[in-house]
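Work through the following exercises with the sequence and the model at hand. Each task is followed by a solution in steps.

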Amino acid sequence: VALCEAEEAPLARSRPRVLEPRFNWTLFWQFLRPHLLVLGAAIVLALGAALVNVQIPLLLGQLVEIVAKYTRDHAGSFLTESRSLSTHLLLLYGLQGLLTFGYLVLLSRIGERMAVDLRRALFCNLLRQDIEFFDAKKTGQLVSRLTTDVQEFKSSFKLVISQGLRSCTQVAGCLVSLSMLSTRLTLLLMVATPALMGVGTLMGSALRKLSRQCQEQVARATGVADEALGNVRTVRAFAMEQREEERYGAELEGSRCKAEELGRGIALFQGLSNIAFNCMVLGTLFVGGSLVAGQQLTGGDLMSFLVASQTVQRSMANLSILFGQVVRGLSAGARVFEYMTLSPGIPLSGGCSLPREHLRGSITFHNVSFSYPCRPGFPVLRDFSLTLPPGKIVALVGQSGGGKTTVASLLERFYDPTAGVVTLDGQDLRTLDPSWLRSQVIGFISQEPVLFGTTIMENIRFGKVDASDEEVYAAAREANAHEFITSFPEGYNTIVGERGATLSGGQKQRLAIARALIKQPAVLILDEATSALDSESERVVQEALDRASAGRTVLVIAHRLSTVRAAHRIVVMAHGRVCEVGTHEELLKKGGLYSELIRRQALDTPPPEAAQ
Ligand code: ADP
Ligand code: MG
């Protein structure tokens, strides 16, 4: 067994992930492919708009030339001469607006649809992950991948297509017109611009790093808020509001510092680039002016040159901002795609299932060893063997933290054993279809039942999606729940509040029992099912459980020993092993751990007979 453990443990160990996830282009392509046609149309429209933008400075220059002519020798009609040019310009403005409208509409259509697809695919794959995945991850961070990261990725995508395409076309187009207007001025511009761009890129990469840190800090703050708001009752009960405020405040403060630093960086960047741009305008005017004075350039051409070079510079500035957005978008996209490709170790379905009429519900743990994947060095079960005979009730008792719930989790296949096997009717659990196992064979009732924030009807139907109303009523009756449900004004349509917050503990537990019984499970696991209840609710719930236990294989996990006396067999576990097995009387006679536990509890609590 020790050998097995040594061999298998490294495999089961959670793979450490320190690297930033890489962007998955293949997956991105799959999401983009359905929209290629629309994307093509959007690109054509965006290119059209950019080309129109390139035309405009040239026409403006010609108009200025006419104006200049009239300021020199006030002869002829300015209006007639400029009319055709102005109409042309107006038409181009209109066309530009129309094209812009068109490609923005198309892009938003693609972006929104892709975001829906991404969210759906990610959510679907998250739900399929192993339980060990959720042990290691915070819900808030997973949710933020579904919301913030998809949002970020979507807006980057849209920006890259709209702004990126436009800016690139404009830079190229305007450079062509610039060189046609004046080669000398263009060469001058070509020397100055790359130098400035180099400085800008350096600053940009520093800013991007800051921005990433900023995002991470915001995610941390969100995590704190999420935890506190999600567990508001516990926070209230411990009067920890102020502590949580402080914790959230501290994280907010951290993100404020980072964001302000980023803001200062961006401000510096903007200020410097404004100075650079203005200097370039002045330089162009200066050099261009001397060319005009030397009759090598017309005033109108200089005007065209200025407007076009402004377009180039604005586009380049846009591109450098865009570059940052691209990097941010890629890292958001990488985070979105990361969990989309992650495949769970225990699939949701697949494998064989036994026909219901042949299912006996006999369960055996053969020399099972187990440690939680997130705590690999800490064995919870060691060489643990246990048999649950079909149709019999077996009680599992032992100290808190001894691994009883872990046994139930292995049975549900939330985890697989590190060594050894668990069998159902002689079949290794790993060869059976997990979804069949969970939805049809095993009914699990835990100490703290979790209900969903919908109607009672829907909550019970959670156990069997296609159950008829009659089946729901029958399950509720069996669980002693029908009476209290019908006493509510809304009956089965009562909304239970988030996580069932509007019900009492005993009521919640009875709904959970109804939810488990509606599947007609062959095996029932009751994990401390009554231990959170007051004695009156415990009696009602216990009655329901006793009724439900008849004819089923039942594993009762309890630390309150009064509830296990009726079991056919009692198994006492300690240190991850079985240390005693027998009936109540046998174990008492033996005078071992069980009788010790009984003695201790008898001292703590009066026997239940006395309470009634
Ligand atoms: P019991 O139900 O007998 O009180 P559990 O089976 O819940 O005990 O826990 C057994 C041991 O496993 C405990 O030491 C507990 O800290 C640890 N444990 C329980 N759940 C996890 C988990 N998801 N990840 C890591 N360790 C866990
Ligand atoms: Mg437990």
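Contact means heavy atoms within 4.5 Å. The model is a predicted one.

**Exercise 1. Determine which residues of helix 2 are buried, how they are arranged, and what they pack against.**

Step 1. Helix 2 covers residues 25-32. Buried means under 20% relative accessible area. Leu-27, Phe-28, Phe-31 and Leu-32 are the buried residues of helix 2.

Step 2. Viewed down the axis of helix 2, these buried residues fall within an arc of 140 degrees, so they line one face of the helix. An α-helix has 3.6 residues a turn, so residues three or four places apart point the same way.

Step 3. The packing partners of the buried residues of helix 2 are helix 3 (36-72), helix 4 (78-127), helix 6 (139-181) and helix 10 (299-341).

Step 4. The N-terminal end of helix 2 is capped by Asn-24. A side-chain oxygen of Asn-24 lies 3.3 Å from the backbone nitrogen of Thr-26.

**Exercise 2. Give the strand order of the open sheet of 4 strands and name its edge strands.**

Step 1. The order of the 4 strands is 2-1-4-5, with antiparallel pairing.

Step 2. Strand 2 (379-388) and strand 5 (427-428) each pair on one side only, and these are the edge strands.

Step 3. Strand 1 (residues 363-371) and strand 2 run antiparallel and are joined by 6 bridges. Ile-363 has Leu-388 in strand 2 as its bridge partner.

**Exercise 3. Locate Ser-369 and find the backbone atom that a polar atom of its side chain approaches.**

Step 1. Ser-369 belongs to strand 1.

Step 2. With a relative accessible area of 3%, Ser-369 is buried.

Step 3. A polar atom of the Ser-369 side chain lies 3.2 Å from the backbone nitrogen of Asp-383.

**Exercise 4. Identify the residues and elements that line the largest cavity.**

Step 1. The model has 2 cavities of 30 Å³ or more. The largest cavity holds about 40 Å³ of space.

Step 2. Its lining consists of Arg-208, Ser-211, Arg-212, Gln-215, Gly-324, Val-327, Arg-328 and Ser-331.

Step 3. Helix 7 (183-230) and helix 10 are the elements that give two or more residues to this lining.

**Exercise 5. Place Ser-182, decide whether it is buried or exposed, and list its contacts beyond four places in sequence.**

Step 1. Ser-182 sits in the loop between helix 6 and helix 7.

Step 2. The relative accessibility of Ser-182 is 8%, and Ser-182 therefore counts as buried.

Step 3. Once neighbours within four places in sequence are set aside, Ser-182 is in contact with Leu-291, Leu-297 and Phe-305.

**Exercise 6. For Arg-413 and His-575, state the phi value, the loop and the exposure.**

Step 1. Most residues other than glycine have a negative phi. Arg-413 has a positive phi, near 60 degrees. His-575, also not a glycine, has a positive phi of about 50 degrees.

Step 2. Arg-413 lies in the loop between helix 11 (404-411) and strand 4 (419-424), and His-575 in the loop between strand 9 (569-574) and strand 10 (577-582).

Step 3. Arg-413 counts as buried at 6% relative accessibility. The cut-off for exposed is over 50%. His-575 has a relative accessible area of 63%, so His-575 is exposed.

Definitions and conventions. Residues numbered from 1 in each chain as written. Chains lettered and ligands numbered in written order. Predicted model: local features only at pLDDT ≥ 70, side-chain atom pairs only at ≥ 80, totals over all residues. Heavy atoms only, no water. Buried < 20%, exposed > 50% of the residue type's maximum accessible area, 1.4 Å probe, protein only. Arc of directions from axis to C-beta. Polar contact = N/O pair within 3.5 Å; in protein donor to acceptor, adjacent residues only side chain to side chain. Pairing = 2+ DSSP bridges. 1 Å grid on protein atoms, 1.4 Å probe; cavity = no way out; pocket = protein on both sides within 12 Å on 5 of 7 lines; lining within 4 Å. Points joined across faces, edges and corners; volume = space filled by probe spheres on them.
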